[in-house]
Structure formats: C-alpha cells, structure tokens
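Subject: Structure for your review

Dear colleague,

Here is the structure I said I would pass on. My notes follow below it.

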Amino acid sequence: MKALVLAGGAGTRLRPITHTSAKQLVPVANKPVLFYGLEAIADTGIREVGLVVGDTQAEIEAAVGDGSAFGLEVTYLRQEAPLGLAHGVLVARDYLGDDDFVMYLGDNFIVGGIDGIVRRFARERPAAQIMLTKVSDPRQFGVAELDERGRVVGLEEKPVRPKSDLALVGVYLFTPAVHEAVAELKPSWRGELEITDAIQWLIEAGLPVESTVISGYWKDTGNVVDMLEVNRLVLESLEPRVSGSVDEASELIGRVVVEPGAVVTRSRVVGPAVIGPGARVEDGYVGPFTSIGADCVIARAEIEYSIVLPRSSIRGVSRIEPSLIGHDVEVTPASASPRAHRLVLGDHSKVQISQ
C-alpha cells in the first residue's frame, strides 16, 4: 500500500499567513501540521508516499526533504492548480499504479492515528473506506448518508440541505477501482473534481464502500480558530522539559517546554506552553496554550492562547490573546497621542480594534 498526501491547496482561509507560507507548514506546538500526518502514515508501516504539491512546492520540499526523517520515501507530484481532491488522485495516477492507497489531506489533524483503519482496509479491501465524524454544521463538509445498517448510500459535497450530520474526515482508503471513477468525473459547481463524486460513482457501480464513524478528535486546520484549537489540544499532552536557560527571577508553572538556546529572564510562563529554540522571553508573561516559535522575542509583553511563528518580536504590549502571528512580525505599542491607529495590512487581512 502507498500513501497519497495532498498539500497543494492555496489556504485562502488562513490569509494573510498563507500569502507567503504553505498552510500545511503552519506549526502546531512548533511542528508543522503536515508532519503529524506524515508521522501517522509512517506508524502504519507504509513507506512510499506521493506528496501532491502546488505553488508552495519549494517550501514543502525544503521542509520534508526525501522523507527519510520520517522513515518514508517521498515522491513529489506537481499539481498545476488546486482543482479538487479527485484531481489530486488523477495527478498521481502513474505513481499509484495498481496499488491500494490511503489518501491523507495534509492540513488535517487526527488524534490516535490511522493504523486501525488501515489494517481494517487491508483485511477487508472494499473499493473505498471512509472516516466520518459528527459535526454541528455539515454544510461546510462532504456529507455521507447511511442506511439503517450503517452502509454508505450517498455522498454530497457541502450540501445546502445535508441529509445527515456525518462529515467526511480527511483520510480515505482506495483500491485501484477509484481510478476508473475519477476518469469519469466532470467538474462540480465549484469547478473541482470532487472525491465525493468519485466515491458516489463507486456506490452506483455496485462496489462496496465502507465507513467508520470516529469519536476521537479531528480538525481541518484551515482557519485560525481551528489552528489555535489544535495547538491547545497538542499542548495538553506536553511533557515539561527545560533545555534552555531560565533565571532565578523567572517562574515556570505547569507543563512548559523551553527548547535549547531559549532564554527566559524575569518572566512568568504558565503551561502548557512551548518556548522555541533560540527564543527570548524577557520581563514578560506567556500564558497557557501558547507556542512561541524559534528565535522569537517576547519582551515586556503578555500573550496567551496564541501561536507565534519564528523570528517575530512582541515588545511592550500589555495583552495578546487568541492570535496567530506570522514569520518576522514586529508588534509594538503605538504612541499615546494622537489617538489613532496606524496599519500596514496585506490583502484579505482581518483586524479587530478596541474602541
């Protein structure tokens, strides 16, 4: 069995961060989301991975390399435009050959891994195996309809009137039968080749499509709220460790990781939190569920429930809460007068200003 990891999306919901960075490389607990998926695949015993990439190929390739760091053999497959999940399968047709494969969306996060469902698929070999979870607003997802025996009888992508509250999780398993289905597809109303349409084709062809409803945690980390929530979840399982320097005037409370080269002086850090390698926290406060990236500076500032990407600095700011701060950002206080806001904002930015 091979794996197909889709990492070619544009990440429009994470703009402006994704104007200059691949959404799959935005870190959770200071590790790119994509890495968690690659580790989950490696844990199943799969070794051959096709990584579908787009305009951010160079950045992803620099981060993942040949895959050996994960115990994998990675082949990069170029997708010229993000034309749908099924289009990713079409791009990978020659690479996949006649092998069964697991398709994993590179910006998805699943607690507990996928080893169990991969073993079940290898044992039973239906044409497709999907994972489902109950969601509060199924209109945002691919939705499955099950019969009274729990078999999949229909699928629909982002329906206006969902027939169930069961959303497709971003992991799919297929036999080579899916290639015939994908070859028959026409673009949907969204202009994409939908994987839900391919699975529906298999159902209508009379081929077995099995599902597993998972109760564990799953998130599509496509927006800031979900990124922060996944960061919180991962930090919950943090094991405290101090590999950097913490002076006697500082206080570490709870599960805190201070990475090598990091320096904490005259500061208070309340975990779970991680201070990345080479970062400095001076006369500051870092609160729960916060990830400070490598070579950042937090000085005379307070921050919690946030993600700060590498090389950014926050100085002299009284309080920052649920925030995602990009690479090489500078956050400083404005002058007291005149009372005005000075902004330099990229396309699609969102700003909240207290009055």
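D197 counts as partly exposed in this predicted model, because its relative accessibility of 30% falls between the 20% limit for buried and the 50% limit for exposed. The residue sits in helix α7. Leaving out residues up to four places away in sequence, D197 touches L185 and S188. A181 is 16 residues from D197 in sequence, and the two C-alpha atoms are 8.4 Å apart.

The helix around D197 is largely enclosed by the rest of the structure, since 7 of the 10 residues of α7 (residues 195-204) are buried. Those buried residues are I195, T196, A198, I199, Q200, L202 and I203. Just after α7 comes G206, which has a positive phi of about 85°.

Next, a helix pair. How do the axes of α1 and α2 cross, and at what angle? Helix α1 covers residues 33-43 and helix α2 residues 57-64; their axes come within 11 Å and cross at roughly 55°. An angle of that size is neither under 35 degrees nor in the range of 65 to 115, and the two helices are therefore oblique to each other. The crossing of α1 and α2 is right-handed. On the α1 side the residues that meet the partner helix are L34, F35 and L38, and on the α2 side they are I60, A63 and V64. By class, this contact has 6 nonpolar residues, with no polar and no charged ones.

The last item is a serine in a loop. S267 lies between β18 (263-265) and β19 (268-270). Is S267 buried or exposed? With a relative accessible area of 4%, S267 is buried, because that value is under the 20% limit. The side chain of S267 reaches the backbone oxygen of T265 at a distance of 2.7 Å. Setting aside neighbours within four places in sequence, S267 is in contact with A249, S250 and E251, and also with V281, E282, D283 and G284.

To recap the two single residues: D197 in α7 is partly exposed at 30%, whereas S267, in the loop between β18 and β19, is buried at 4%.

Regards

Technical notes
Residues are numbered from 1 along each chain as its sequence is written. This is a predicted model: local features need pLDDT of at least 70, side-chain atom pairs count only at pLDDT 80 or more; totals for chains, interfaces and linings use all residues. Side-chain values use heavy atoms; hydrogens and water are left out. Helices (H or I, at least four residues) and strands (E, at least two) are DSSP runs, numbered from the N terminus. Buried means under 20% relative accessible area, exposed over 50%, partly exposed in between (1.4 Å probe, protein chains only). A polar contact is a pair of N or O atoms within 3.5 Å; within protein, one must be able to donate a hydrogen and the other to accept it, and residues adjacent in sequence count only if both atoms are side-chain atoms. Contact means heavy atoms within 4.5 Å. Axes are lines fitted to C-alpha atoms, for helices over the stretch in contact, and angles run from 0 to 180 degrees between N-to-C directions. Angles under 35 degrees count as roughly parallel, over 145 as roughly antiparallel, 65 to 115 as roughly perpendicular and the rest as oblique. A crossing is left-handed if the near helix is turned anticlockwise from the far one by less than a right angle, and right-handed if clockwise. Ala, Val, Leu, Ile, Met, Phe, Trp, Tyr, Cys and Pro count as nonpolar, Asp, Glu, Lys and Arg as charged, and the others, Gly among them, as polar.
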